[in-house]
Amino acid sequence: MKHLIPATTSLFASCLIVACQPAETDDVTLPASLEVDVASIDAVDVKNGVVQLRLLDPVAEPRACIVPIRVENGLTADVNVTMIGFAVTGPGEDTKGNMFAPVAAAGDTSEARVILEGQSCDAFDTLTIPEVLCKADGENCAAKVEYIDGDALRFSQAG
């Protein structure tokens, strides 16, 4: 038994060393059905000439609902989008929110996260915007904003 433990330990160490060696991958080819276009994963088709605000699926937290809003910039200039004092309504208690999105570079996206405290995401179904502020190169681009509803939430414009 005394000699069995060192032999078992060295055998285990040898297996561990072999298992940690890099695999030979030069000759590995995937069948066509398993090949994936990595560039297409999470790719966003930015629509030229407009700025789209897209409601993504809300994320439920124990004491809050986080609403991601993606800014998809189809303009040739960087954009800054802000929404102040929008109403969030639904079967629960109504609330208000603000969104300050990071700047979205020309042809790219950014994402803001609106945190609605105190209720579950099921309490809300509509986000009503009184006004959106959009600036591109210092110019007002609010007329070029399009609203894309999500599966759980939809946009509504006040007035």
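## A guided tour from the surface to the core

Begin by selecting Leu133, which counts as partly exposed because its relative accessibility is 41%, a value between the limits of 20% for buried and 50% for exposed. The structure on display is a predicted model. Leu133 belongs to strand β8, which covers residues 132-136. Next, add Ile84 and Phe100 to the selection: together with Leu133, these residues make a nonpolar surface patch of about 300 Å².

**Second stop: Lys47**

Now select Lys47, located in the loop between α1 (4-19) and β1 (51-55). Is this residue buried, partly exposed or exposed? Lys47 has a relative accessibility of 40%, and therefore counts as partly exposed. Display Glu146 as well, and a polar contact of 3.3 Å can be traced between the side chains of Lys47 and Glu146. Apart from neighbours within four places in sequence, the residues in contact with Lys47 are Gln52, Gly74 and Glu146. Then mark the C-alpha atoms of Lys47 and Asn73; they lie 7.6 Å apart in space, while the two residues are 26 residues apart in sequence.

**Third stop: the nonpolar core**

Turn next to the interior. The largest nonpolar core has 32 residues, and those touching the most other members are Leu53, Ile69, Val79, Val81, Met83, Met99 and Leu127. Colour the elements that each give two or more residues to this core: β1, β3 (64-73), β4 (79-89), β6 (109-117), β7 (126-129) and β8. Which element gives the most? It is β4, with five residues.

Within the core, select Ile69 and show its surroundings. Leaving aside neighbours within four places in sequence, Ile69 has contacts that include Leu53, Met83, Met99 and Leu127, each of which is also among the residues touching the most other core members. Further contacts of Ile69 include Arg54, Leu55, Ala112, Val114 and Phe155. Ser110 is likewise one of the contacts of Ile69, and it provides the next selection.

**Last stop: Ser110**

Ser110 lies in strand β6. With a relative accessibility of 9%, Ser110 counts as buried, because the limit for that class is under 20%. What lies 2.7 Å from a polar atom of the Ser110 side chain? The backbone oxygen of Pro102 is found at that distance. Beyond neighbours within four places in sequence, Ser110 is in contact with Ile69, Arg70 and Val71, and also with Ala101, Pro102, Val103 and Ala104.

Key: Residues numbered from 1 in each chain as written. Predicted model: local features only at pLDDT ≥ 70, side-chain atom pairs only at ≥ 80, totals over all residues. Heavy atoms only, no water. Patch = residues over 30% accessible without salt bridge, like charges linked within 9 Å, V, L, I, M, F, W, Y side chains within 5 Å. Areas by Shrake-Rupley, 256 points an atom, 1.4 Å probe, with all protein chains shown as cover. Salt bridge = Lys/Arg side-chain N within 4 Å of Asp/Glu carboxyl O. Helix = DSSP H or I, 4+ residues; strand = E, 2+ residues; numbered from the N terminus. Buried < 20%, exposed > 50% of the residue type's maximum accessible area, 1.4 Å probe, protein only. Contact = heavy atoms within 4.5 Å. Polar contact = N/O pair within 3.5 Å; in protein donor to acceptor, adjacent residues only side chain to side chain. Core = buried A, V, L, I, M, F, W, Y, C linked by side-chain atoms within 4.5 Å.
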